Amino acid sequence: AEGDFIRLDSDIASGFVAAKPYELNVVTATSGRGHYTASLSVTANDKKYLSSGAFDVACSVLSKIVVKDVKVGIVDSDAKNPSSTTDLKFMEKLPNAIDADYQQKIVMSFALTEMDSEKRVTAHQTFVRLVQETTGQEIFFVAEPDSDNNYKFTLDIGATAKDSFNNLSGNYKMSLIIGDSTVEVPIHWSIGNIMLKFKQYD
């Protein structure tokens, strides 16, 4: 701010030099959320105490994001479209638990948007987490975006029964976890409960 000083303490000189403020609005000067390097150059008229030169300053543009257009549903393994879906608003929970068995899939679609611009974006870490209510076992699945930045998650219950769930039927708590180094506030959304029923073997 005006009236501030830079302190000099070196072998050459010791004292204070009046500082002038310079501001750069990185939000308007850049293309949006991300990591940037600002290259600065300094020219000193009086080189007695200061030397000219160039240096780089790392800076980041952060933004808050929200999850929109969320749909959760069940589809038979041999079908293409869900028999029914539930629309959710951001941070809402499923009104009822979802029941699904090894002949079905759970599907979820959503989009990530910046809170201010409503621009569709992606995040480096987008996971669906399932936690078995009795044992506390955690299973993570990655949700991937398509070319239009629409996310879709498909859980084939029968195909993942052994490797992911160890054929353990029961109630699972489902949540959506989203994080990124340029996201101001990470998201941990508890979506609701799903009751999974796996094929039983003798």
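Tutor: In this predicted model, a residue is called exposed when its relative accessible area is over 50%, and buried when that area is under 20%.

Student: Which residues of helix α2 are exposed, on the other side of the helix?

Tutor: Ala 159, Lys 162 and Asp 163 are the exposed residues there. By contrast, Ile 157, Thr 160, Ala 161 and Phe 165 of α2 (residues 157-165) are buried.

Student: What puts the buried residues on the same side of α2?

Tutor: They cover an arc of only 140 degrees around the axis, and therefore share one side of α2.

Student: Why is the pair Arg 129 and Glu 138 called a salt bridge?

Tutor: The closest N and O atoms of Arg 129 and Glu 138 are 2.8 Å apart. The definition asks for a side-chain nitrogen of Lys or Arg within 4 Å of a carboxyl oxygen of Asp or Glu, so the pair qualifies.

Student: Why does Arg 129 count as buried?

Tutor: Its relative accessibility is 19%. Buried means under 20%, so Arg 129 is placed in that class. Glu 138, at 44%, is partly exposed, because its value lies between the two cut-offs.

Student: What makes Lys 71 and Asp 87 a pair that ties together separate parts of the sequence?

Tutor: Their side chains meet in a salt bridge of 2.9 Å, N to O. Lys 71 lies in strand β5 and Asp 87 in strand β6 (residues 84-88), so the pair joins parts 16 residues apart in sequence.

Student: Why is Asp 87 called exposed?

Tutor: Its relative accessible area is 52%; exposed means over 50%, so Asp 87 meets the definition. Lys 71, at 37%, is partly exposed.

Conventions. Residues numbered from 1 in each chain as written. Predicted model: local features only at pLDDT ≥ 70, side-chain atom pairs only at ≥ 80, totals over all residues. Heavy atoms only, no water. Buried < 20%, exposed > 50% of the residue type's maximum accessible area, 1.4 Å probe, protein only. Helix = DSSP H or I, 4+ residues; strand = E, 2+ residues; numbered from the N terminus. Arc of directions from axis to C-beta.
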